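I opened the model to look up a cavity, a helix and a small sheet. My notes follow in that order.

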Amino acid sequence: MLAGAPTPARALATGTAGVKSPRLVEPVPTALSDWEKVAKALGRKGDMKRKMMYHTALPRRDLRVRSRRVTVKPALALGSHVSFVRYADKSTMVMGDVVVTERELQPFTDVLQEHEIAQTAIHKHLLSQSPHIWWVHVHAHGHHPVAVARGLRAAFDRTGTPPPRPPVREQRVDLDTAGIDAALGVKGSTDEGIYKCVFVRRETITDGHLVLPPGLGSTSAFNFQPLGGGRAAISGDCAMIAKEVQDVLVALRCAGAELVELHNHGLTDEPRLFFIHFWAVGDGVKLARALRPAVDATNVVPVG
C-alpha cells in the first residue's frame, strides 16, 4: 500500500501462492474536481475518460524521432500518459506508459524506485528509431494518490518531457477517414494530426483484486499518420489473450505489417493479456482493410 505523504509511494505487492484471493473491488466514477491535488502535484491538468479514469497526457514534443525513414509525430507513438482510478474501498490505482530516451531510462527508473512506483514493462513501439527510445509502463496502488503524483513528477523531471501547451484546434487529417472507419468497423478520432482507431476488450479485466475500467491497460489502437496522397504510417498495438496471439501475428504479417515487439504490459492482470506492437506504411484505407482480420481475431469492441 502507498504510505502517506511525504513518505514515498509504495507499489502494490503481488499475491502469495495458496492465499485466498480477496473479493474484487470495483472502480467508482469521479469528476475532475476530485483530482485537483493530483493535477497540482503532476504540474499539469488532465481530463476524464469514461467518467472513471483521470488521464494526463505528457507527449514528447521535444523529441524528433525517425523510424523507417518517417519522422514520427508525438501523437503517433510518443505519447506518455498516466491514469488514476478511484475504487470502492477508497484506494487509488495508477497506470501509465511513459516515453523515455535510452539516456533517460536509468535515471527515470531510479527515481521511480526511490518512490516505490513499480515498472511492469520496458519495451519498444518502433523499429530502427533514432534516437533510441524506450516505453516504460508504471503502476502503483494505495490510499495516497498525491504521493504517487509527486513521485511521478520527480521521475518526469529526470527526462526532457516538456511542459504542457495550450490546446490547439484539431484540423482535418489528409486521409480518407470514412474509408478507414468502414474498413475497421470503428469511428476514429483526430489527435494532433493523427487519426486514431481504438478498441477495448469485451471481458472484465482485473489487476489483482481490482476490476479495471474498460480500456485501462487493455486497448487495441491503430494510429494513422498521413504521409500525403492517402498514404499513412501506422503504429499499432493489439491487446490479446494467449489463444489469440498466433492468429493476430499471422493476420498482421498477411497485411504486410512489420512486427515490433510481443510482450505484457501488466504483471497481475486476469485474463493474462499480451500486446503486439506493429508498423505499416501504405495506402491508409487498403491497410485498414488488410488489418481488419487482426481486429476480428480478438474479443474487442470499438470505442467511439
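How much space lies in the largest cavity? I read about 50 Å³. This is a predicted model, in which local features need pLDDT of at least 70 and side-chain atom pairs count only at pLDDT 80 or more, while totals for chains, interfaces and linings use all residues. Residues are numbered from 1 along each chain as its sequence is written, and side-chain values use heavy atoms, with hydrogens and water left out.

**Cavity.** I found 1 cavity of 30 Å³ or more (on a 1 Å grid over the protein atoms alone, a set of points where a 1.4 Å probe fits but cannot get out; lining residues have an atom within 4 Å of a point). The volume is the space filled by probe spheres set on the points, which are joined across faces, edges and corners. I noted Met95, Asp207, His265 and Phe275 among the lining residues.

**Helix H3.** I looked up residues 102-114 and found Glu104, Leu105, Phe108, Thr109, Val111 and Leu112 buried (under 20% relative accessible area, 1.4 Å probe, protein chains only). Seen down the axis of H3, these fall within an arc of 165° (directions from the helix axis to the C-beta atoms), so they line one face. Arg103 and Glu114 are exposed (over 50%) on the face turned away. Helices (H or I, at least four residues) and strands (E, at least two) are DSSP runs, numbered from the N terminus. After H3 comes Glu116, with a positive phi near 55°.

**Sheet.** I read the strand order as S12-S11-S16, open and antiparallel (two strands pair if DSSP finds at least two bridges between them). S12 and S16 stand at the edges with a single partner strand each, so one side of each has no neighbour in the sheet. Thr206 has Glu270 of S16 as its bridge partner.

Definitions and conventions: On a 1 Å grid over the protein atoms alone, a cavity is a set of points where a 1.4 Å probe fits but cannot get out, and a pocket is an open set with protein on both sides within 12 Å along at least five of seven lines; lining residues have an atom within 4 Å of a point.
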